[in-house]
Amino acid sequence: MQDREGETTEGGLSAMSQDSAAVPDAARKLAARRRREIVAVLLFSGGPIFESSIPLSVFGIDRQDAGVPRYRLLVCAGEDAPLRTTGGLELSAPYGLEAISRAGTVVVPAWRSITQAPPPAALDALRRAHEEGARIVGLCTGAFVLAAAGLLDGRPATTHWMYAPTLAKRYPSVHVDPRELFVDDGDVLTSAGTAAGIDLCLHIVRTDHGADAANALARRLVVPPRRTASDMGHQRYLDRSLPEEIGADPLAEVVAWALEHLHEQFDVETLAARAYMSRRTFDRRFRSLTGSAPLQWLITQRVLQAQRLLETSDYSVDEVAGRCGFRSPVALRGHFRRQLGASPAAYRTAYRARRPQNGGPDPALRPERADRPERERAMLGAGSGERYAAAALAGHGLATAEAAEAGKPQSDAYAARLPESPVGRGTGRPVLPGQRERPVG
């Protein structure tokens, strides 16, 4: 897949990972006018600058001297200029939607707001590209654009954990798994939050050109060549992920009660009774609201509470089980391993090994406070990411200028974020990012 005439790609459509089971070849053949080595990056106004810069840096810089095969980059405006982004910048893309017709790989790095519908013209261009065999990639909330185009129907996908429930609710035919770093479904690929976009782009290079090329690129970018679920330095992260619309729903009170009483043993029937609904009606309403079955949601919240107690207290695993509403330590261990890929004891050991300066739980943390749910985690600063992104924009045909007037639209979906984490199925063995144990759907 070199940028030279007559050279061919190694495999057309990508596989899950070189270490995992191969996915079936896509039925569509790449149109003659499209070239796999031509990568179109679709930018929108209001998009976050960091996510936008990731594919530009990976696919837009000639690093052949370091053993990285070259791609041709086309930066395309997904809507009329000017494209306003974070940091008070305006971007001027050298190409429009028509340039996508030449690309064999189309990347949507992010979408400005999960509450807004993408431009119809951009969705049409993505559908045409996919029909003609192009590989379509959505980074972070770019998955919402792919879903709006219908490209994720019946497929597995992921996105930022904070927005996964909304994606699942809005597009019920999409099999959303927020625990994955990225999902490679052959001709459609999606990634989780910011850092996972780098992981997916490296995976594409690895799929196209092999591990040596991907490793060389990772060295140049000074990032890990392959993050996995067994990398305990980047532990999987669960959260009380719920769609933002739940606050206005009558079930919000029931959900709030459940979160405050996780230490008690109750089941979905209890929640249905508090909502004055039958179990069947409650299941249907809860799923339509959150995109998740109530039983699975409740188990996930109990596991999350156990995760917090293992991090912040000296309670034994048996005590943690009782304080999280599990009927027995065996039940806790089973659910914990399935969702986080490790036993509770192994998780606590790994967590403390990563934080030797803490010396274990805060001695000022009293047991009676340790089992209270935390409302927030420490937020990451965006300064270094903004500097990296601004530097990556240089040399890609993107002109930047400071916004002259105040009040320009900012992305309401991209405040500082919680730490990203690799993910995988909880099988008790190392799982590669993007790997699935069984087909979904």
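**Salt bridges in a predicted model**

Across the whole structure, a search finds 14 salt bridges, and since the model is a predicted one, the distances and accessibilities given here are computed from its coordinates. Side chains of opposite charge can pair when their charged atoms come close, and several individual pairs show in what settings this occurs here.

One pair joins arginine 35 to glutamate 37, whose side chains meet in a salt bridge with an N to O distance of 2.0 Å. The two partners fall into separate accessibility classes: arginine 35, at 24% relative accessibility, counts as partly exposed, whereas glutamate 37, at 3%, counts as buried because the limit for that class is under 20%.

A salt bridge also links glutamate 79 with arginine 112, their closest N and O atoms lying 2.5 Å apart. Glutamate 79 sits in the loop between strand E2 (72-77) and strand E3 (83-85), while arginine 112 belongs to the loop between strand E5 (103-108) and helix H2 (120-131), so this pair ties together parts that are 33 residues apart in sequence. Arginine 112 has a relative accessibility of 16% and therefore counts as buried.

Within helix H9 (residues 279-290), arginine 279 and aspartate 283 are four residues apart, which means that about one helical turn separates them. These residues form a salt bridge in which the closest N and O atoms are 3.0 Å apart. Arginine 279 is partly exposed, with a relative accessible area of 31%, and aspartate 283 is likewise partly exposed, at 23%.

Finally, salt bridges can also be followed through a network, in which Arg33, Arg34 and Glu132 are linked.

Methods. Residues numbered from 1 in each chain as written. Predicted model: local features only at pLDDT ≥ 70, side-chain atom pairs only at ≥ 80, totals over all residues. Heavy atoms only, no water. Salt bridge = Lys/Arg side-chain N within 4 Å of Asp/Glu carboxyl O. Buried < 20%, exposed > 50% of the residue type's maximum accessible area, 1.4 Å probe, protein only. Helix = DSSP H or I, 4+ residues; strand = E, 2+ residues; numbered from the N terminus.
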